[in-house]
Amino acid sequence: MVIAVSSDGPTMESPACPRFGRAPSFLIVDTDTGKHTCLANSSAMESGGAGIQTAQMLAAQGVNAVVTGNVGPNAVRALQAAGVRIYLSPGGSVKEVTDLYTQGKLTEVQGPSVPSHSGLGWRRI
Amino acid sequence: MATHLSVPGRQVTTVLSVASGKGGTGKTTVAVNLAIVMSETMAVQLVDADVEEPNAHIFLKPTLTSSETVSVSVPEIDEALCTHCGKCSEACAFNAIMTTAKTALVFEELCHGCGTCRLVCPSGAIRERQRPVGAVEAGHSRDISFVQGRLKPGEVLAPAVVRAVKRQVDKDSLVFIDCSPGTSCPVVQAVRKTDACLLVTEPTPFGLHDLKLAVEMLEKLQVPAAVILNRADVGDGRLEAYCQEQGLPVLGRLPFSRQVATSYARGVPIVDESQTWRDIYQNLAASVSGWATRVSRLRRQD
């Protein structure tokens with residue numbers, strides 16, 4: 001399985017990012033081989049539709065599942081349309097989160113965990 | 001500043017936008033009370049372009065005689081024709097379309113209705129459908145012709161409704177267009193191509209900060225501006241100093257008054273219940289008319 005973990009930095013030791021569309025980067029991890037690469041999220045600063053663009057970018061990478069802190073309604077719709085499964089993580093390093101995924105300890109979600117624009121923090125509207 | 005007068009535009013000045021920068025400075029109060037006193041001697045139209053929360057109707061209590069739906073175009077994708085090439089999602093400035101290898105998804109609430117996706121689609125898979133986002137209502141109150149826009153709750157495309165509202169402007173009347181606060185898209189849409197703009201503000205640091213933004217916006221849009229100072233006896237002198245420095249005419253100074261606040265809270269125009277305030281607004285009307293005439297004259301000389 002190829003999973004994408006939202007991340008605040010470029011390595012497996014970086015903190016996993018609690019946001020999806022506004023995450024600065026993703027670590028694309030092949031859980032079978034342990035190989036991983038970092039992908040910068042070019043949509044993180046979009047004024048709107050960040051989750052949709054991020055989902056499209058990850059789907060184009062052939063990702064089977066995303067692991068993140070929270071997802072909004074548009075991101076869920078976009079990921080589901082692309083056939084990408086969604087798992088929520090409690091936080092920790094990207095490596096810890098990936099281990100939780102491979103041990104089957106993360107919850108898969110079928111709906112949004114937060115309202116639109118939550119990843120904007122104080123700018124939330 | 002000279003640029004406030006030597007700007008392109010119509011040779012008569014009858015369509016006046018009422019804007020502010022800062023919220024709560026008294027745009028609607030000024031627009032409504034000026035409209036009332038001026039409608040006693042001439043044809044006046046009041047246009048409420050604050051479509052997210054139109055409130056002039058609370059004071060004017062108009063009889064509404066028509067209501068038209070305002071719609072924007074949104075794309076509909078024919079999956080039978082779509083090749084999932086992704087050109088539409090690449091072209092969309094608002095991230096409203098997502099394409100994957102198997103499907104194309106439209107996120108309607110992000111769509112601004114620009115139609116670019118349909119133009120770039122190489123397989124003719126995109127049709128446009130009309131999606132209602134608001135309404136324009138018209139009627140009258142006393143001798144005032146009244147128009148207001150209403151954006152549907154949850155919608156964001158205020159400029160589309162503002163555009164529709166402005167199509168109802170009757171240039172043969174004296175028109176007051178009550179705008180929303182700030183300097184964002186709905187305000188730009190409301191003030192652009194008006195003959196002149198009345199900036200209602202207050203002499204506080206907040207009033208001054210946001211007035212500067214509004215003045216910059218009007219310079220870019222080349223709309224002549226003048227200031228009406230509300231609650232003129234609070235705050236400090238910095239706002240008036242700024243107006244002087246910029247050559248912005250101050251057309252009136254309205255004193256702070258509890259009576260104005262209580263009549264506002266009851267939804268009653270102050271000119272209806274206070275002779276003092278009727279006199280204040282009649283003076284303001286005279287100075288607004290005088291300024292509009294000067295704007296027209298300077299334009300004719302250009």
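Select chain B first and display its open sheet of 9 strands, ordered β3-β6-β7-β2-β8-β1-β9-β10-β11 with mixed pairing. Strands here are DSSP runs of E with at least two residues, helices are DSSP runs of H or I with at least four, and both are numbered from the N terminus. Two strands count as paired if DSSP finds at least two bridges between them. This is a predicted model, in which local features need pLDDT of at least 70 and side-chain atom pairs count only at pLDDT 80 or more, while totals for chains, interfaces and linings use all residues. Residues are numbered from 1 along each chain as its sequence is written, and chains are lettered from A and ligands numbered from 1 in the order in which they are written.

**The sheet of chain B**

Colour β3 (63-77) and β11 (250-253) of chain B: these strands stand at the edges with a single partner strand each, so one side of each has no neighbour in the sheet. From one strand to the next, the twist averages 20°. Angles run from 0 to 180 degrees between N-to-C directions, and axes are lines fitted to C-alpha atoms, for helices over the stretch in contact.

Next select strand β2 (residues 44-48) and strand β7 (residues 144-151) of chain B, which run parallel and are joined by 5 bridges. Within this pair, B:Val44 has B:Ile144 of β7(B) as its bridge partner. Add helix α5 (residues 158-166) of chain B, which packs on the sheet and touches β2, β3, β6 (126-141) and β7 of chain B. The direction of α5 makes about 160° with that of β7(B). Contact throughout this tour means that the C-beta atoms of two residues, placed from the backbone, lie within 7 Å.

**Helix pairs of chain B**

Move to helix α1 (residues 27-38) and helix α10 (residues 275-301) of chain B, whose axes come within 9 Å and cross at roughly 85°. The two helices, α1(B) and α10(B), are therefore roughly perpendicular to each other. The angle classes are roughly parallel under 35 degrees, roughly antiparallel over 145, roughly perpendicular from 65 to 115, and oblique for the rest. Show the side chains of B:Asn33, B:Leu34, B:Val37 and B:Met38 in α1(B), which meet B:Arg278, B:Tyr281, B:Gln282, B:Leu284, B:Ala285 and B:Val288 in α10(B). By class, the residues of this contact of α1(B) with α10(B) are 7 nonpolar, 2 polar and 1 charged. Nonpolar covers Ala, Val, Leu, Ile, Met, Phe, Trp, Tyr, Cys and Pro; charged covers Asp, Glu, Lys and Arg; the others, Gly among them, are polar.

Then select helix α7 (residues 205-221) and helix α8 (residues 238-246) of chain B, which pack at an angle of about 25° with their axes 9 Å apart. That angle makes α7(B) roughly parallel to α8(B). The crossing of α7(B) and α8(B) is right-handed, meaning that the near helix is turned clockwise from the far one by less than a right angle. B:Gly207, B:Leu208, B:Leu211 and B:Val215 of α7(B) make the contact with B:Arg238, B:Leu239, B:Tyr242 and B:Gln246 of α8(B). These residues of α7(B) and α8(B) comprise 5 nonpolar, 2 polar and 1 charged.

**Domains of chain B**

Colour chain B by domain: domain 1 takes 2-43 + 172-301 and domain 2 takes 72-132, with bounds from an automatic or database domain assignment. The centres of domain 1 and domain 2 of chain B, taken over C-alpha atoms, are separated by 42 Å.

**Chain A**

Now display chain A, where 6 strands form an open sheet in the order β3-β2-β1-β4-β5-β6 with mixed pairing. At its edges stand β3 (36-40) and β6 (107-108) of chain A, each with a single partner strand, so one side of each is left without a neighbour in the sheet.

Centre on A:Val5. In β4(A), its bridge partner is A:Val67; A:Val5 also stands opposite A:Leu27 in β2(A). Strand β1 (residues 2-7) of chain A runs parallel to strand β4 (residues 65-68) of chain A, with 3 bridges, and β1(A) runs antiparallel to strand β2 (residues 25-30) of chain A, with 6 bridges.

Follow β2(A) to β3(A), its antiparallel partner over 5 bridges; here A:Phe26 has A:Leu39 as its bridge partner in β3(A). β2(A) and β3(A) form a hairpin with 5 residues between them, and A:Gly34 in the turn has a positive phi of about 80°.

Finally, select helix α1 (residues 50-60) and helix α2 (residues 73-81) of chain A, whose axes come within 8 Å and cross at roughly 25°. α1(A) is thereby roughly parallel to α2(A), and their crossing is right-handed.
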